[in-house]
Amino acid sequence: MADNYTVVYGDIHNHNAHGYGVGSIERSVDVARTHLDFFAFTGHSSWHDLGEIENGGEEYFNKGFEQLAETWPRVQKVIADSNDDGSFCSFLGFEWHSNFFGDQCVVFPDDHQPIHYANSLTELRQFCLSKSALMIPHHLAYPRGRRGVNWDEFDNQCTPVVEIYSWHGNSEDDRGPYPMFIGSPGGRDTVNTAKAALAAGRKFGFVASSDNHAAFPGAYGEGLMAALVEDLTRPAILDAIRKRRTYALTGDRIEVDFHVNGEVMGADIEAGKEIAIEYSVGGRDEIEAVEVIQDGVVVHRSFAEEAAGLEETFGRPFQIRLEWGWGPWSAMAEARIVDWAIEITVKDGRILRYFPCLQSGPFDEDRRHRFTRTGEAGLSVQSYTSRKDAFRENPNQSLVLELEGSTEASIDVVLSKPISKRTTSRVVNLFRGSEPHHLAPWPSENYHWHRILPSNATEVQDSCTLPTSDIRSNVYLRVKQKNGHMAWTSPVFVNYR
């Protein structure tokens, strides 16, 4: 990453039983430590304009608010004790609901802060400013009055970024992937999208977070954010958010470097008649397209090269995804939780990096995913899978390995759970095609090596020059992978005087 920044990954909007959800605050911290660099817990605090609910569900929410209030001292202590600048950062926060103003997540820079019960967005903003706290709206594109953002009340004083993606869906636009259908407030309202707000001249960066309710921050596919930081500390992470050096991810940890006239994502610049765009992208799957979006319009596209040949692929680092799970259908009433213990060893090669892709289901207070390096060529994985409570009906867990090795390299997998099994897969064969390994007759669980990803299919570098004028303009990058995962950088704002 240029500019001496490091990319770190986190989730600053998630829930557990301290509110209306499941799981302890200790579980949330432990899960976050497993696969994230930072997280903020944002328990449900209040809903001043809740009103009546169909079939009388008010009691359910009110019990959640009472639960957070009663256990707030415990939440405060766990978050304070778990922060470890330089290794893992945790933040205290809460979520404030409002039909009229839209929901907001408050994230504190300091420990042992109070919950604030406000009846208006102005009052909540004043509190956040007094505490130097962030106030971040989410699921923007729901209809106004139905918990969608109220852009008339928007003020970026303590709201430098907005959450454009979570398990609710994608609020960038009212068309395109990840529509809002899981939650109950309704579909995407055009006027409430991020695209519409940018067109109206509002200024904000992009983040994504899971909004997971099962004590599983960073749940794969439910939303993740990246921040460009100078170091892994609370002040550095907050500085990145306040300066919009952030980007939103659906799940895969796509690496993005984006500059306009030499300035990094989120910058506010003055320019003449044209601007120079430069970017590089490193995906965790084949890249389908990288799009430069200026004032809501795609003005430039880049594509990855065709997959490299055998020698070219193994002359550089390459990636491969291991996926495990499947098993009996839920419709057969045979959904079960299966524990996995996997030892991965690369022969005639080494593991450079690994990227966990951890689904949130099934909920279990005690089970954990664990990843332990065993030398430069080995990785030990402890995991569990089930179709029970699987997000978007996907029961699987997965892992992307970045490897270095010759055409003679192979990968050993040794299972001790759920059964004893050993397989050896030659990377040359995995270059040619995927490789499934079933554990028993149908409908058993299985693990699956996906086809190798050559670096030229997962990397894009490009530049372009765009015309500008004295009229303000915003420019950002949107990345699409072939497996459906996406990234959106915070815009760079040009001539916003």
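Is Asp412 buried or exposed? Asp412 is buried, with a relative accessible area of 3%. I begin there, colleagues, with the reminder that what we have before us is a predicted model.

Asp412 has a charged partner. Its side chain meets that of Lys347 in a salt bridge, at 3.1 Å from N to O. Asp412 belongs to strand E21, residues 397–417, and Lys347 to strand E18, so this pair ties together parts of the chain that are 65 residues apart in sequence. Lys347, for its part, counts as partly exposed, at 38% relative accessibility. As general background, side chains of opposite charge can pair when their charged atoms come close.

Let me turn to a second pair. Arg336 forms a salt bridge with Glu445, and the closest N and O atoms are 2.8 Å apart. Here, too, distant parts of the chain are linked: Arg336 is in the loop between E17 and strand E18 (338–357), Glu445 is in strand E24 (residues 445–449), and 109 residues separate them. Glu445 counts as buried at 7% relative accessibility, whereas Arg336, at 40%, counts as partly exposed.

The third pair is Arg316 and Glu459, a salt bridge with its closest N and O atoms 3.0 Å apart. Arg316 sits in the loop between helix H6 (310–314) and strand E17 (318–326), while Glu459 sits in strand E25 (residues 459–467), so the contact ties together parts 143 residues apart in sequence. Arg316 is partly exposed, with a relative accessible area of 38%, and Glu459 is partly exposed at 37%.

How many salt bridges does the model contain? The count comes to 31. Some of them share partners: Glu172, Glu291, Arg301, Arg478 and Lys480 are joined in this way into one network.

I close with a sheet that includes strand E25, where we have just placed Glu459. In general, strands of a sheet pair through backbone hydrogen bonds, either parallel or antiparallel. In this open sheet, 4 strands follow the order E12-E11-E14-E25, with antiparallel pairing. Which strands stand at the edges? They are E12 (263–264) and E25; each has a single partner strand, so one side of each is left without a neighbour in the sheet. Further in, strand E11 (residues 255–260) and strand E14 (residues 274–282) pair in the antiparallel sense over 6 bridges. To take one position, the bridge partner of Glu255 in E14 is Gly282.

Definitions and conventions
Residues are numbered from 1 along each chain as its sequence is written. This is a predicted model: local features need pLDDT of at least 70, side-chain atom pairs count only at pLDDT 80 or more; totals for chains, interfaces and linings use all residues. Side-chain values use heavy atoms; hydrogens and water are left out. A salt bridge is a side-chain nitrogen of Lys or Arg within 4 Å of a carboxyl oxygen of Asp or Glu. Helices (H or I, at least four residues) and strands (E, at least two) are DSSP runs, numbered from the N terminus. Buried means under 20% relative accessible area, exposed over 50%, partly exposed in between (1.4 Å probe, protein chains only). Two strands pair if DSSP finds at least two bridges between them.
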